[in-house]
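Work through the exercises below with the sequence and the model open beside you. Try each task before reading its solution.

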Amino acid sequence: MIPESTWTDGRYLLEPFYKIYPIGFIRKSNDIAEIEIGAEFTDALLGLDLFSHIHVLYWFHQNDTPEKRSILRVHPRKKKQYPLTGVFATHSPARPNLLALSLCRIISITSNRIRIHEIDAHDGSPVIDIKCYIPPDESLKNVHLPDWV
């Protein structure tokens, strides 16, 4: 069944709402970046050490305000010399839904901690999901990018 859509306070909403629970949190100190997985999810790490990279989905929790969720245009990479661009055409942390996606190289996995090379997230950012990285069978053809990329 397709959920019904409604328009409320200038926002297009789908019913029902969805609840997302973190599976862990980003831990950063000095040059160390780790993902601390909740103890109840440790078994889900089995076999992940066979991969070199992971996709990490996390929540931009420090931007979770009505004001920041309402920002729809930004200068890419916070540089005024780049044209004002819709947030869906950028990697800006200001967006209607605060999901973030990073591709990270695994350094090690110990117990419920995944040490990663780096991630553009703050200490304490809630991790929503982790997916092993499997490269596509072949490179995409006819990819177009704006000049500022």
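**Exercise 1: Burial and a salt bridge**

Arg69 is buried, with a relative accessible area of 18%. The model used here is a predicted one.

Task: Classify the salt-bridge partner of Arg69, Asp64, as buried, partly exposed or exposed.

Solution.
Step 1. Identify the contact: the side chains of Arg69 and Asp64 form a salt bridge, with N and O 2.8 Å apart.
Step 2. Recall the cut-offs: a residue is buried under 20% relative accessible area and exposed over 50%.
Step 3. Apply them. Arg69, at 18%, is buried. Asp64 has a relative accessible area of 38%, so Asp64 is partly exposed.

**Exercise 2: The chain as a whole**

Task: Find how many helices and strands the protein chain has, and in what pattern they follow one another.

Solution.
Step 1. Count the elements: the protein chain has one helix and ten strands.
Step 2. Read along the sequence: the pattern is β-β-β-β-β-α-β-β-β-β-β.
Step 3. Look at burial and surface. Of the 149 residues in the protein chain, 29% are buried. The chain exposes about 11,200 Å², and 56% of this comes from carbon and sulfur atoms.
Step 4. Look at contacts. Taking contacts between residues at least 6 apart in sequence, 67% join residues at least 24 apart.

**Exercise 3: The barrel**

Task: State in what order the strands of the barrel are arranged, and in which sense they pair, parallel or antiparallel.

Solution.
Step 1. List the order: six strands close into a barrel as E3-E4-E9-E8-E5-E10. The pairing is antiparallel.
Step 2. Add the twist, which averages 45° from one strand to the next.
Step 3. Examine E5 and E8. Strand E5 (residues 53-59) pairs with strand E8 (residues 99-110) over seven bridges, in the antiparallel sense. Trp59 has Leu99 in E8 as its bridge partner.
Step 4. Examine E5 and E10. Strand E10 covers residues 126-132 and is joined to E5 by five bridges, the two running antiparallel. Here His55 has Lys131 in E10 as its bridge partner.
Step 5. Examine E8 and E9, an antiparallel pair with four bridges. Ser108 stands opposite Arg115 in E9. The hairpin of E8 and E9 has two residues between the strands, and Ser111 takes a positive phi near 55° in this hairpin.
Step 6. Keep a general rule in mind when looking along any of these strands: in a regular strand, side chains alternate between the two faces of the sheet.

**Exercise 4: A salt-bridge network**

Task: Which residues are linked with Arg113 in a network of salt bridges?

Solution.
Step 1. Begin with the total: a search of the whole structure finds five salt bridges.
Step 2. Take the pair of Arg113 and Glu34, whose closest N and O atoms are 2.7 Å apart. Arg113 lies in strand E9 (residues 113-116) and Glu34 in strand E4 (residues 32-37), so this pair ties together parts 79 residues apart in sequence.
Step 3. Take the pair of Glu36 and Arg113, with the closest N and O atoms 3.5 Å apart. This pair also links distant parts of the chain, since Glu36 is in strand E4 and Arg113 in strand E9, 77 residues apart.
Step 4. Check exposure. Arg113 has a relative accessible area of 29% and is partly exposed. Glu36, with 23%, is partly exposed.
Step 5. Give the result: the network links Arg27, Glu34, Glu36 and Arg113.

Key
Residues are numbered from 1 along each chain as its sequence is written. This is a predicted model: local features need pLDDT of at least 70, side-chain atom pairs count only at pLDDT 80 or more; totals for chains, interfaces and linings use all residues. Side-chain values use heavy atoms; hydrogens and water are left out. Buried means under 20% relative accessible area, exposed over 50%, partly exposed in between (1.4 Å probe, protein chains only). Contact means heavy atoms within 4.5 Å. Accessible areas come from the Shrake-Rupley method with a 1.4 Å probe; for residues, only the protein chains shown count as cover. A salt bridge is a side-chain nitrogen of Lys or Arg within 4 Å of a carboxyl oxygen of Asp or Glu. Two strands pair if DSSP finds at least two bridges between them. Axes are lines fitted to C-alpha atoms, for helices over the stretch in contact, and angles run from 0 to 180 degrees between N-to-C directions.
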